[in-house]
Amino acid sequence: MRQLSKRLLFSPVFIVGFAFFIRMLLLYHGWKTAPVPVRDFVPYGYELGRVARAIAAGEGFSSPLRMVDTGPTIWFTPIYPYLVGGIFKIWGIYTDLSRIIIQTLNYAFAALTIIPIYSIAKRTFGEAVAVGASWFWVFLPTSLFFPLTWIWDTSMAALFLALIFWATLAMQEAHTTWSWAGYGALWAFGVLVNPAVLSLFPFLLGWLIWESRRNGAPWIKFSGATILVFAIALVPWTVRNYRVFGKFIVLRSNFGLELWLGNNASVPDSWAPWMHPNDDRDEALKYQRMGEIAYMAEKQHEAISFIKTHPADTLRFTFHRFINNWLAVSDSPLDSWAYSPYYLKAFVVLNILLSLFTFVGALFAYRVKLPEAFPYAMVLLIFPLIFYVTHASLRYRFPMDPIMMVLSAYGVAQSIALLRGRLRHPSRAVTPVGPLPTT
């Protein structure tokens, strides 16, 4: 019996099933005790829900704002809005049943993320760290509540960034052009789920090309297949954008707005959410009057002008966003700690520990000269950069949380080993490979 229990606790399949079961209990409890009514003026899904509504209603990929119809949009990349739009089409627009189905899917994405977490950790740090990281993810508060509270691509993006990272490590043993082509397709899908993933593409692919070249693989042919398939997969969406707007826009259009929300004279410390056109009627009407592309261009121009003329404020905002990204703290901890409820205090402490041990794990990986230390470092350094510039949130950071969870579990394991005087190089699940065949 003890052997069976141990086998289950160490089984990624069991951990995934248990994680999904816990999340479904949470979903059931939430709807049983406090069902959230759907209101026309504040529908769930915010801008994404509005675009999904338009898709289901036969209006096309359009109108992200709740107060006005604004016509075709490139506010999002297509995959998740069309997924939600399909659910609306079948089970009703903004219905309770549609919401439960979407939340169930989000929970499935969150639970399935354990598979790449386990595989990444086992490959680089050994089975014990893999099991620890997987169980940590089961009970991570953000992985429990974001899929429930946000009808957004958040959970799906976390799953696909973790899959991309796992594939990047595994591609060191890839022997065929088809494998590299599939790697390019995976990247394209992930970017069309959440464009922020694109920031890591040159760094992870560059590292993989370097490793392949060092191992004697035909890296030019292999990397060419990845880049070609990746580019071809983005063509249909880019063509649609050009045909609709007459401009070459590869992924999405709203960077100017996000930059302005975090960099204008009304920002107190990080960003000014009340100025968002989904909440400010004057901004919504201006957006409608000018059209999406012109509106975004104007906001970008205003934000850049502010950044140039207010460098001190810009640095202060950036610092606040950096702290918010890593510590989940927007107000001064000393000011807010006294009146925060216990569950919020616990959440802040847990998030600080997650960030702390993530960097501890990264330092240990560097110290033992782990070959995969570079891609881990790139996720930590590169992925959040855009949020330091615009505005930060744990929800925006969530796609990189699976990688943080792996490093954090390794940091905990190595800290314990260091205290016991038994610090070791991680036990490798996969040995380094030699030169790859050229066929």
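Here are four short exercises with worked solutions on helix packing and the largest pocket in this predicted model.

**Exercise 1.** Work out how helix H5 and helix H6 are oriented to each other, and which residues make their contact.

*Solution.* Start with the stretches: H5 covers residues 96-112 and H6 covers residues 114-125. Next, take the geometry: the two pack at an angle of about 10°, and their axes are 4 Å apart. Angles under 35 degrees count as roughly parallel, so that's what H5 and H6 are. Now look at who touches whom: Ala110, Ala111 and Leu112 come from H5, while Ile114, Ile115 and Pro116 come from H6. Sort this contact by class and you get six nonpolar residues, no polar ones and no charged ones.

**Exercise 2.** Do the same for helix H7 and helix H8: find their orientation and the make-up of their contact.

*Solution.* H7 runs over residues 127-139 and H8 over residues 141-149. Their axes lie 4 Å apart, with a packing angle of about 45°. The pair is therefore oblique. On the H7 side, the contact uses Trp137, Val138 and Phe139; on the H8 side, Pro141, Ser143 and Leu144. Tally the classes and there are five nonpolar residues, one polar residue and no charged ones.

**Exercise 3.** Describe the crossing of helix H19 and helix H22, including its hand.

*Solution.* First locate the pair: H19 is residues 373-382 and H22 is residues 401-419. Their axes come within 10 Å and cross at roughly 125°. That angle makes H19 oblique to H22. As for the hand, this crossing is left-handed. Then go down to the side of each helix: H19 brings Tyr376, Val379 and Leu380, which meet Ile403, Met404, Val406 and Leu407 of H22. By class, this contact holds seven nonpolar residues, with no polar and no charged ones.

**Exercise 4.** Characterise the largest pocket: its volume, its lining and the helices that contribute to that lining.

*Solution.* Begin with the volume, which is about 1100 Å³. Then turn to the lining, made of 38 residues. Nearest the centre of the pocket you'll find Arg252, Asn254, Glu258, His391 and Tyr396. Helices with at least two residues each in the lining are H3 (46-56), H13 (255-262), H20 (385-389) and H21 (394-397). Finally, split the lining by class: 21 residues are nonpolar, 10 are polar and seven are charged.

How values were computed: Residues numbered from 1 in each chain as written. Predicted model: local features only at pLDDT ≥ 70, side-chain atom pairs only at ≥ 80, totals over all residues. Heavy atoms only, no water. Axes fitted to C-alpha atoms, helices over the stretch in contact; angles between N-to-C directions. Parallel < 35°, antiparallel > 145°, perpendicular 65-115°, else oblique. Left-handed = near helix turned anticlockwise from the far one by under 90°. Contact = heavy atoms within 4.5 Å. Nonpolar A, V, L, I, M, F, W, Y, C, P; charged D, E, K, R; others polar. 1 Å grid on protein atoms, 1.4 Å probe; cavity = no way out; pocket = protein on both sides within 12 Å on 5 of 7 lines; lining within 4 Å. Points joined across faces, edges and corners; volume = space filled by probe spheres on them.
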